[in-house]
Amino acid sequence: MRRTIYGEDHEAFRDSVRQFVIRSVAPRAEEFIERRLIDREVWREAGRQGLLGLEVPEEYDGAAAGDYRFNAVLIEELAGVGMALASSFGIHFDVVAPYLVDLTTDEQKKRWLPPFCSGELITAIGMTEPGGGSDLAALRTTAVRDGSDWIIDGSKTFITNGYQAGLVVVAARTSPEKRAKGITLFAVEEGMPGFHRGRKLDKIGQPEADTAELFFEGVRVPAANVIGEVDRGFVAMMERLPQERLGSAVTNLAHAAAVLAETLSYVKERRAFGQAIGSFQYNKFTLADLVTKVEVTRAYVDQCVAAHAAGELTAVDAAKAKMWTAEVQNQVIDACVQLHGGYGYMKEYRVARAWADARVTRIWAGSNEIMREIVGRDLGL
């Protein structure tokens with residue numbers, strides 16, 4: 001079915017992203033997996049191509065696209081290559097960008113946004129804590145005022161880009177008695193005394209997305225690094241989580257669709273008992289179901305993208321999109337592994353790596369159980 005949310009400019013942009021992927025990413029994909037890191041030169045090349053500052057004003061070297069559909073196109077094309085690529089770059093240009101564009105002062109914008117757009121400054125967001133999971137209101141990392149500075153103590157875990165990030169947007173508790181209303185956001189920069197990176201976490205999937213533990217031991221952060229208003233961090237996060245969850249939904253679906261397309265090609269070529277395995281009725285019916293499921297899901301996600309571009313996406317609809325696409329993605333890729341037979345369990349086959357890469361999507365950006373809770377509450381339950 002023809003998609004209707006993208007115009008000529010979006011498709012022209014898609015072509016440029018594909019050229020970037022073909023030229024700078026695909027030839028080195030195996031290298032990134034082996035090194036468990038996306039090379040910084042790829043970040044700089046993405047910056048030179050104008051891919052990192054889609055939401056950033058032109059005066060700070062951004063593209064000022066003013067249309068979330070460009071973000072969605074970029075996410076789709078990156079996810080088609082691999083989850084880790086979309087995860088790593090998406091955290092930077094799709095998740096962190098709104099904090100740095102919407103909440104910062106002119107001085108902060110001048111400091112951070114030009115290198116953010118060029119790829120010289122890689123960013124991450126520090127929300128999740130050991131033992132905290134999706135409960136952002138229960139943060140234990142603290143920031144205590146000391147003169148005009150703040151002293152941050154605590155830790156974060158599962159931080160995508162955490163190993164390479166030069167700036168981390170850190171959520172810390174500044175007024176413990178206020179619970180959720182006492183959280184503030186800070187820009188913690190590489191080199192600040194007391195800011196340490198732990199080990200690069202050994203995940204079962206997405207090895208090339210550097211994910212790390214972060215530790216803050218008496219980190220002195222100047223008032224000039226407070227992002228937004230003091231004690232308004234939780235509100236800022238809640239306002240921006242729908243975009244993060246929508247980005248996850250777009251990623252999930254594009255990743256599943258790419259693996260499904262490759263599987264369709266495989267079942268037409270792979271033969272058993274004298275015929276292509278895709279021609280067996282059970283496999284044929286399975287693939288018919290998978291294709292239908294992906295296309296129907298795409299119709300909903302496209303509507304969410306269009307709604308967000310118009311400023312109308314609700315947190316509930318974003319939760320639905322994130323939850324549903326994660327379920328569909330895992331169902332589709334698991335079936336694709338089955339259709340590959342024993343080869344589907346071999347790491348040398350993309351489908352096996354994709355299966356491992358996809359499992360986390362039911363957990364991150366708010367677990368699917370939390371998404372169902374959001375939807376259920378909206379139903380008055």
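This text goes through the pockets, the cavity, a surface patch and two backbone angles of a predicted model.

The largest pocket has a volume of about 1300 Å³. Its lining is made up of 49 residues, and those nearest the centre of the pocket are Glu-244, Ile-363, Trp-364, Ala-365 and Gly-366. Several elements of secondary structure take part in this lining. Helix H5 (83–102), strand E3 (149–160), helix H7 (233–269), helix H10 (350–358) and helix H11 (368–378) each give at least two residues to the lining of the largest pocket. Of these, H7 gives the most, with ten residues. Sorted by class, the lining of the largest pocket holds 26 nonpolar, 14 polar and nine charged residues.

The second largest pocket has a volume of about 760 Å³. It is lined by 32 residues, with Ile-33, Pro-207, Arg-353, Ala-354 and Asp-357 nearest its centre. Two or more residues of this lining come from each of helix H2 (29–35), helix H4 (68–81), H5, H7 and H10. Here the largest share belongs to H10, which supplies seven residues. The lining of the second largest pocket consists of 16 nonpolar, six polar and ten charged residues. H5, H7 and H10 are therefore named in the linings of both pockets, each with at least two residues in the largest pocket and two or more in the second largest pocket.

Enclosed space is a separate matter from the open pockets. How many cavities of 30 Å³ or more does a search of the whole structure find? The search finds one. The space in the largest cavity comes to about 40 Å³. Its lining residues are Phe-20, Ala-46, Leu-51, Leu-52, Leu-74, Leu-78, Phe-89 and Phe-93. H4 and H5 each supply at least two residues of this lining. By class, the cavity lining has eight nonpolar residues, with no polar and no charged ones. H4 and H5 thus appear in the cavity lining, and both also contribute to the lining of the second largest pocket.

On the surface, Tyr-343, Tyr-345, Met-346 and Trp-355 make a nonpolar patch of about 450 Å². One of these residues, Tyr-343, sits in the loop between helix H9 (315–340) and H10. Tyr-343 counts as partly exposed because its relative accessibility is 37%, and partly exposed covers the range between under 20% for buried and over 50% for exposed.

The backbone remains. Most residues other than glycine have a negative phi. Arg-36 has a phi near 55°, a positive value in a residue other than glycine. This residue is found in the loop between H2 and helix H3 (40–48). At 27% relative accessibility, Arg-36 is classed as partly exposed. Phe-273 also has a positive phi, near 55°, and lies in the loop between strand E9 (271–272) and strand E10 (275–276). Is Phe-273 buried or exposed? Phe-273 is exposed, because its relative accessible area is 80%, and the cut-off for exposed is over 50%.

Terms used. Residues are numbered from 1 along each chain as its sequence is written. This is a predicted model: local features need pLDDT of at least 70, side-chain atom pairs count only at pLDDT 80 or more; totals for chains, interfaces and linings use all residues. Side-chain values use heavy atoms; hydrogens and water are left out. On a 1 Å grid over the protein atoms alone, a cavity is a set of points where a 1.4 Å probe fits but cannot get out, and a pocket is an open set with protein on both sides within 12 Å along at least five of seven lines; lining residues have an atom within 4 Å of a point. Grid points are joined across faces, edges and corners, and a volume is the space filled by probe spheres set on the points. Helices (H or I, at least four residues) and strands (E, at least two) are DSSP runs, numbered from the N terminus. Ala, Val, Leu, Ile, Met, Phe, Trp, Tyr, Cys and Pro count as nonpolar, Asp, Glu, Lys and Arg as charged, and the others, Gly among them, as polar. Patches are made of residues with over 30% relative accessible area and no salt bridge: like charges are joined within 9 Å, nonpolar side chains (Val, Leu, Ile, Met, Phe, Trp, Tyr) within 5 Å. Accessible areas come from the Shrake-Rupley method with a 1.4 Å probe; for residues, only the protein chains shown count as cover. A salt bridge is a side-chain nitrogen of Lys or Arg within 4 Å of a carboxyl oxygen of Asp or Glu. Buried means under 20% relative accessible area, exposed over 50%, partly exposed in between (1.4 Å probe, protein chains only).
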